[in-house]
Amino acid sequence: MRGRDGNSAIFSGFHGETFNCPAEVAEARYGLAVDSMTLNPEQGGEGRWRGGKGIEVNYRVRADGNFMTVGYTRSRVPPWGLAGGADGTPNFVEVIRASGDRERYSLASGVIVNKEGKRFVAEDSYHSRTSAFVLEQPDQTAYLIVDEAHTEMPEMPLIRFLDGYETIAEMEEALDIPAGNVVATLDRYNEFAAKGEDPDFHKQPEFLAPQDNGPWAVFDLSLGRAMYSGFTIGGLAVTVDGEVQRADGNVIPGLYAVGACASNIAQDGKGYASGTQLGEGSFFGRRAGAHAAAHARG
Ligand SMILES: Cc1cc2nc3c(=O)[nH]c(=O)nc-3n(C[C@H](O)[C@H](O)[C@H](O)COP(=O)(O)OP(=O)(O)OC[C@H]3O[C@@H](n4cnc5c(N)ncnc54)[C@H](O)[C@@H]3O)c2cc1C
């Protein structure tokens with residue numbers, strides 16, 4: 001936004017996984033006490049126009065067996081400042097144990113391979129993009145490999161844990177991957193991950209961690225075995241005001257299309273990110289409505 005400071009405490013209304021849960025609801029339902037909910041007090045985002053501040057929520061666990069699932073990015077690489085403005089601050093989830101020990105977590109450190117044992121996508125891609133690449137792999141088969149140091153068993157798994165393997169050779173044999181291919185893939189990945197680099201797929205440094213500490217866990221990302229939910233992307237060609245176009249580009253007067261049946265921003269799964277559809281549906285829907293109203297008024 002030009003000409004003023006950014007908005008603070010922004011939640012995306014169009015991003016299905018981003019919720020602003022009221023403290024009262026969290027306390028009533030989740031066995032938590034919400035000790036504080038404040039604007040992030042850390043420095044960051046300074047400049048002529050200041051970036052908006054994020055929020056900091058402190059939960060205290062009040063019940064046994066409590067767990068939290070969370071997905072987020074920019075846990076180490078901060079959002080960058082524009083036009084000389086300072087970078088923002090990283091996102092993080094920190095668990096503070098009763099002993100005072102503190103632990104931080106981040107996602108996507110593992111390696112995804114196809115049935116040839118070869119990588120084919122940056123593992124920190126949005127899941128729609130990852131799954132679109134899985135569909136192009138032989139037999140639409142893919143495995144997520146995570147070493148012992150980085151394995152966490154999800155409480156609500158969307159992808160099935162296949163097995164743990166003491167050696168890579170054992171894993172290759174069990175998964176019918178040509179012998180030596182996963183070894184070669186992991187050797188190359190680990191060599192560069194140790195330096196914070198991924199020259200092959202450009203996975204962000206914050207998610208790069210060598211997977212060299214066996215045993216290794218394997219999760220099944222294959223189509224038909226992992227959870228895939230699909231919806232329509234791309235559709236009728238339309239103008240920026242939602243008027244449906246013929247193949248030659250001419251509009252069909254009075255016919256509008258917006259939302260999932262119109263071709264606006266994302267044209268395929270690789271180009272999709274959460275929020276794109278409801279965002280474009282409401283943005284272009286408003287434009288189409290205004291255009292139709294103006295047209296009706298003559
Ligand atoms: C699991 C899942 C998660 C998603 N998460 C997100 C997210 O986090 N963020 C995001 O932005 N988007 C998300 N989406 C996508 C988003 O929900 C859809 O893109 C959006 O709802 C599309 O809205 P729409 O009004 O264009 O179409 P729809 O919601 O599909 O509405 C079309 C309507 O037309 C009706 N209809 C169809 N045929 C006829 C007919 N012949 N006659 C009469 N009525 C008919 C249907 O019953 C339906 O009610 C998600 C989708 C799915 C499936």
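## Helix H4 and its two sides

On one side of helix H4, the residues Asp 187 and Glu 191 are exposed; the model described here is a predicted one. The opposite side of H4 holds its buried residues, which are Val 182, Thr 185, Leu 186, Tyr 189 and Ala 193. These buried residues lie on the same side of H4 because they cover an arc of only 90° around the axis. The spacing of such positions follows a general rule: an α-helix has 3.6 residues a turn, so residues three or four places apart point the same way.

Helix H4 runs over residues 181-193, and its 13 residues reach 18 Å from the first C-alpha to the last, which is close to the 18 Å expected at 1.5 Å a residue. Among the elements that cover the buried residues of H4 are strand E5 (111-114) and helix H3 (168-175).

## An open sheet of four strands

Strand E5 also belongs to an open sheet of four strands, whose order is E5-E6-E8-E7 and whose pairing is antiparallel. At the edges stand E5 and strand E7 (160-165), each of which pairs on one side only. On average, and with direction ignored, neighbouring strands of this sheet are turned by 30° against each other.

The pairs can be followed across the sheet, beginning with E5 and E6, which are joined in the antiparallel sense over four bridges; here Val 111 stands opposite Ile 145 in E6. Five bridges then connect E6 and E8, again in the antiparallel sense, and in this pair Val 146 stands opposite Ala 217 in E8. Strand E7 is joined to strand E8 (residues 216-220) by five bridges, and these two strands run antiparallel, with Phe 161 standing opposite Phe 219 in E8.

## The enclosed strand E6

Strand E6 (residues 142-147) has six of its six residues buried, so this strand is largely enclosed by the rest of the structure. In a regular strand the side chains alternate between the two faces of the sheet. In E6, Ala 142, Leu 144 and Val 146 point one way, whereas Tyr 143, Ile 145 and Asp 147 point the other way, and all of them are buried.

## The protein as a whole

The protein contains five helices and twelve strands, and its C-alpha trace spans about 75 × 50 × 45 Å along its principal axes. Of its 298 residues, 21% count as buried. Among contacts between residues at least 6 apart in sequence, 65% join residues at least 24 apart.

Key. Residues are numbered from 1 along each chain as its sequence is written. This is a predicted model: local features need pLDDT of at least 70, side-chain atom pairs count only at pLDDT 80 or more; totals for chains, interfaces and linings use all residues. The expected span of a helix is 1.5 Å times one less than its number of residues. A residue is buried if 20 or more other C-beta atoms lie within 10 Å of its own, exposed if 12 or fewer, and partly exposed in between; C-beta atoms are placed from the backbone. The arc is that of the directions from the helix axis to the C-beta atoms. Two residues are in contact if their C-beta atoms, placed from the backbone, lie within 7 Å. Two strands pair if DSSP finds at least two bridges between them. Axes are lines fitted to C-alpha atoms, for helices over the stretch in contact, and angles run from 0 to 180 degrees between N-to-C directions.
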